[in-house]
Amino acid sequence: MSKLWERMLLVPSVVRLASRAPKDPAAGWEGYWRGIHTTGHSGDVLWDSGSRTESEQYADAVVAHFDPTLPVIDVGCGNGTYTRWLAGLFPSVLGLDVSSGAVELAKREAEGLQNTDFMVLDAAEAGAGERLLERMGPANIFVRGVFHVLKPNKQASMAANLRTVIRSSGRVFLTETNFPGNSLAYLQQLGATRRSMPPQLQSALENLPRPGRFGAQERNSTFPDADWQLVTDGPVNIEVVSMGRLGLSQQVPGYFAVLAGA
Ligand SMILES: C[S@@+](CC[C@H](N)C(=O)[O-])C[C@H]1O[C@@H](n2cnc3c(N)ncnc32)[C@H](O)[C@@H]1O
C-alpha cells in the first residue's frame, strides 16, 4: 500500500481522537498535564525526550546572546526540563505555564534546585508582560514548542508581552517545530498507522490544540520589524520521545531564532 494511501487511512482515527479535545486550549493543556505519569526518555510527554543532543544545539546561542546579569524566563515550561537545563547555565530562572498541572509537575522535578521558581500564567493574556516585568525586572526569554501551538492572534499577543519583558537588554530565544509536510504526514513520521497510535501521540491528539509549523515566515509575521530585530536564526532538530520498537528518540525538523527589541 502506498504511503499516501496509508496516510489517508489515518483520517478516521485522527478525527475521532481530535473531536475529544476541549475547545478552550487552556482546558486542553490542563487535562493533558493532569494525565501525565512519567516524563523523560520514553515517558508520556511527546516532546520531552530528555535529549542532551537537542539542548547542546542551543547552548552556544543562549550563552552568547543572553545578558547573564538578567534572569531567564522559560515561557510555556511544561514539566520544566528546559527550565532545569537553563538553571545550570544562568543564575536565576523562572518557568511559567498556563497549566497549573504542568507547574506542579515542574516544581516536583526541580526540587532542590535553589535558582528556579515557577508560576502559572497565560503568557498571551493582556497585561502578562507588565506582570512579569514587575516580578522579575527586565529578563531574557526562552521558549520551546509554544508558538507553533498558538493561533496567530495569540502568537501576536504573546510576542507583544515578551517585548515588554525584555526591555532593551533582554533577548528572546525561541525554538519550534517546523515540519514541512501536512499534519497527517507528521503523525505518520511519528509512528501513527491506521492500526496503532503511540500513546504519547494519542494523548496529545485527544487534548491539545492542533499544532502548526513555525519557521522564518511565521516568525516574521509574529515578531514585526517595527518592534523586533532578528539577531540570528536557522534550522535545528527537535527531539521527541522514543515511540518506535528500537527505543530511539526521533528528530523533527525545527527552527530557532534569537530576537532583540528594535
Ligand atoms: C509543547 S509544550 C512544550 C513544553 C516545554 N517548553 C518543553 O519544551 O518541554 C507547550 C507548553 O506551552 C504551554 N502553553 C500553551 N499555551 C500557553 C500560554 N498561553 N501561556 C503559557 N504557557 C502556555 C502548555 O501548557 C505546554 O506546557
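Biologist: Why is Trp33 called buried?

Modeller: Trp33 has a relative accessible area of 4%. Buried means under 20%, exposed over 50%, and partly exposed in between (1.4 Å probe, protein chains only). So Trp33 counts as buried. The model is predicted: local features need pLDDT of at least 70, side-chain atom pairs need 80 or more, and totals for chains, interfaces and linings use all residues. Residues are numbered from 1 along each chain as its sequence is written, and side-chain values use heavy atoms, without hydrogens or water.

Biologist: What makes Trp47 partly exposed?

Modeller: Its relative accessible area is 24%. That value falls between the two cut-offs, so Trp47 is partly exposed.

Biologist: How many aromatic pairs does a search of the whole structure find?

Modeller: It finds 18. Rings of Phe, Tyr and Trp (its six-membered ring) pair if their centres lie within 6.5 Å; planes under 30 degrees apart are stacked, over 60 edge-to-face, the rest tilted.

Biologist: Why is the pair of Trp33 and Trp47 called edge-to-face?

Modeller: The centres are 6.0 Å apart, so the rings pair. The planes stand at 80°, so the pair is edge-to-face.

Biologist: What does that pair tie together?

Modeller: Trp33 lies in helix 3 (residues 25–34), and Trp47 in the loop between helix 3 and helix 4 (52–65). So the pair ties together parts 14 residues apart in sequence. Helices are DSSP runs of H or I, at least four residues, numbered from the N terminus.

Biologist: What makes the pair of Tyr58 and Tyr82 tilted?

Modeller: Their planes are 50° apart, and their centres 6.1 Å. That angle is neither under 30 nor over 60, so the pair is tilted. Tyr58 is in helix 4 and Tyr82 in helix 5 (residues 81–87), so the pair links parts 24 residues apart in sequence.

Biologist: Are Tyr58 and Tyr82 buried or exposed?

Modeller: Tyr58 has 0% relative accessibility, and Tyr82 has 11%. Both values are under 20%, so both residues are buried. Ring pairs also link them with Trp85, Phe142, Phe173 and Phe256 into a cluster.

Biologist: How do you know that Asp97 makes a polar contact with the ligand?

Modeller: An N or O atom in the Asp97 side chain is 2.5 Å from a ligand oxygen. A polar contact is a pair of N or O atoms within 3.5 Å, so this pair counts. Asp122 offers a side-chain N or O atom 2.8 Å from a ligand nitrogen. Gly76 has a backbone N or O atom 2.7 Å from a ligand nitrogen.

Technical notes
A polar contact is a pair of N or O atoms within 3.5 Å; within protein, one must be able to donate a hydrogen and the other to accept it, and residues adjacent in sequence count only if both atoms are side-chain atoms. Helices (H or I, at least four residues) and strands (E, at least two) are DSSP runs, numbered from the N terminus.
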